[in-house]
Amino acid sequence: MRIDIITVLPELLRSPFEASIMKRAIDKGLVEVHFHNLRDYTTNRQKSVDDYQFGGGAGMVMMIQPIDDCITKLKSERHYDEIIYMTPDGETLSQGMANKMSMLENIIILCGHYKGVDQRVRDHFITKEISIGDYVLSGGELGALVLSDALIRLIPGVLSDETSALTDSFQDNLLSGPIYTRPAEYKGWKVPEVLTSGHAAKIEKWREDMAYEHTKNRRPDLLDE
Ligand SMILES: C[S@@+](CC[C@H](N)C(=O)[O-])C[C@H]1O[C@@H](n2cnc3c(N)ncnc32)[C@H](O)[C@@H]1O
């Protein structure tokens with residue numbers, strides 16, 4: 001997968017790709033991530049990417065010209081499956097969306113700032129609008145990172161044990177149940193006996209029951225889906 005991120009703050013994006021699973025995915029050649037600084041596409045001397053809103057009102061708006069030039073250049077080099085705009089009024093990111101999108105080859109993620117982008121960008125360039133939740137961030141970069149992480153960890157070969165992602169919360173509409181590691185007893189607090197029984201079928205059944213109970217308590221809405 002190739003991810004091209006368009007931003008006014010590339011410095012905000014770098015370090016998460018330089019650690020842990022996202023770094024490993026890049027090092028293994030399973031993912032390429034490229035940052036594009038919108039200011040490199042401005043045609044004005046001040047390198048400004050925003051301007052006042054038509055009709056008045058508080059907050060600046062990101063101008064269409066630098067975004068058009070950046071996206072048009074990228075599209076002239078390869079086909080993109082999706083051109084995504086991170087925005088609070090987009091479709092809320094879910095595991096189901098991440099599962100599907102992790103199979104895409106090339107995507108562009110546009111990070112907004114200020115009041116957001118000129119509507120004509122959304123009307124003419126964007127193919128998908130994604131929110132990471134019902135709250136407002138200062139910019140799209142943190143959202144782009146959340147989306148990238150959710151997709152990258154699902155790409156085959158990225159996790160050392162691929163079955164791990166399949167047993168995480170939200171796969172099969174269930175939350176993940178409780179998990180334990182050594183020691184089997186700590187300060188008198190014992191691990192559930194079944195987990196140390198060595199009985200694979202019983203362990204599997206216990207895990208299923210616990211996941212169901214946990215989901216029923218915390219997120220009964222998932223069981224309705
Ligand atoms: C201050 S916000 C603009 C909010 C916009 N005026 C509104 O009310 O919907 C600036 C940028 O942050 C990003 N952003 C903010 N909240 C977000 C969220 N929940 N999900 C994804 N992106 C978000 C978007 O790219 C947005 O253009």
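Me: Buried means under 20% relative accessible area, exposed means over 50%, and partly exposed is anything in between (1.4 Å probe, protein chains only). Is methionine 60 buried or exposed, then?

Reply: Neither: with a relative accessible area of 23%, methionine 60 is partly exposed. Keep in mind that this is a predicted model, where local features need pLDDT of at least 70 and side-chain atom pairs count only at pLDDT 80 or more, while totals for chains, interfaces and linings use all residues. Residues are numbered from 1 along each chain as its sequence is written, and side-chain values use heavy atoms, leaving out hydrogens and water.

Me: Where does methionine 60 lie?

Reply: In the loop between S3 and strand S4 (61-62). Strands (E, at least two residues) and helices (H or I, at least four) are DSSP runs, numbered from the N terminus.

Me: What is methionine 60 in contact with?

Reply: Contact means heavy atoms within 4.5 Å. Leaving aside neighbours within four places in sequence, the contacts of methionine 60 are Asp50, Asp51, Tyr52, Tyr114, Lys115 and Gly116. Glycine 116 is 56 residues away in sequence, yet the two C-alpha atoms are 7.8 Å apart in space.

Me: Let's zoom out. How many helices and strands does the protein have?

Reply: There are 9 helices and 9 strands. The protein is more spread out than a compact globule, because its radius of gyration is 22 Å, well over the 17 Å that the globule rule gives for 225 residues. That radius is taken over C-alpha atoms, and the rule is 2.2 Å times the number of residues to the power 0.38.

Me: What box do the C-alpha atoms fill?

Reply: Roughly 70 × 40 × 35 Å, taken along the principal axes. Of the 225 residues, 38% count as buried. Among contacts between residues at least 6 apart in sequence, 74% join residues at least 24 apart.

Me: OK, the sheet. In what order do the strands come?

Reply: S2-S1-S6-S5-S7, which makes 5 strands in an open sheet with parallel pairing. Two strands pair if DSSP finds at least two bridges between them.

Me: Which strands stand at the edges?

Reply: Strand S2 (32-37) and strand S7 (128-131). Each has a single partner strand, so one side of each is left without a neighbour in the sheet. From one strand to the next, the twist averages 30 degrees. Such angles run from 0 to 180 degrees between N-to-C directions, with axes fitted to C-alpha atoms, for helices over the stretch in contact.

Me: How many bridges join S5 to S7?

Reply: 5, with S5 (residues 82-92) and S7 running parallel. Threonine 92 stands opposite serine 131 in S7.

Me: Which strands does helix H6 lie across?

Reply: H6 (residues 141-152) lies across strand S1 (2-7), S5, strand S6 (106-110) and S7, and runs at about 175 degrees to S1. Isoleucine 152 is in this helix and is buried, its relative accessible area being 0%.

Me: What is isoleucine 152 in contact with?

Reply: Not counting neighbours within four places in sequence, the contacts are Ile3, Phe17, Met22, Ala25, Val31 and Val158. Methionine 22 is 130 residues away along the chain, and the two C-alpha atoms are separated by 6.6 Å.

Me: Switching to serine 102. Is serine 102 buried or exposed?

Reply: Buried, at 12% relative accessibility. Serine 102 lies in the loop between helix H4 (95-101) and S6. A polar atom of the serine 102 side chain is 2.8 Å from the backbone oxygen of asparagine 99. A polar contact is a pair of N or O atoms within 3.5 Å; within protein, one must be able to donate a hydrogen and the other to accept it, and residues adjacent in sequence count only if both atoms are side-chain atoms.

Me: What about odd backbone angles?

Reply: Most residues other than glycine have a negative phi, and most peptide bonds are trans. Serine 20 has a positive phi, near 55 degrees; this residue lies in helix H2 (residues 20-27) and is exposed at 55% relative accessible area. Lysine 47 also has a positive phi, of about 60 degrees, and sits in the loop between S2 and strand S3 (50-51).

Me: Which residues does a cis peptide bond join?

Reply: Arginine 182 and proline 183, with omega about 5 degrees. Proline 183 is in the loop between helix H7 (163-166) and strand S8 (185-186).
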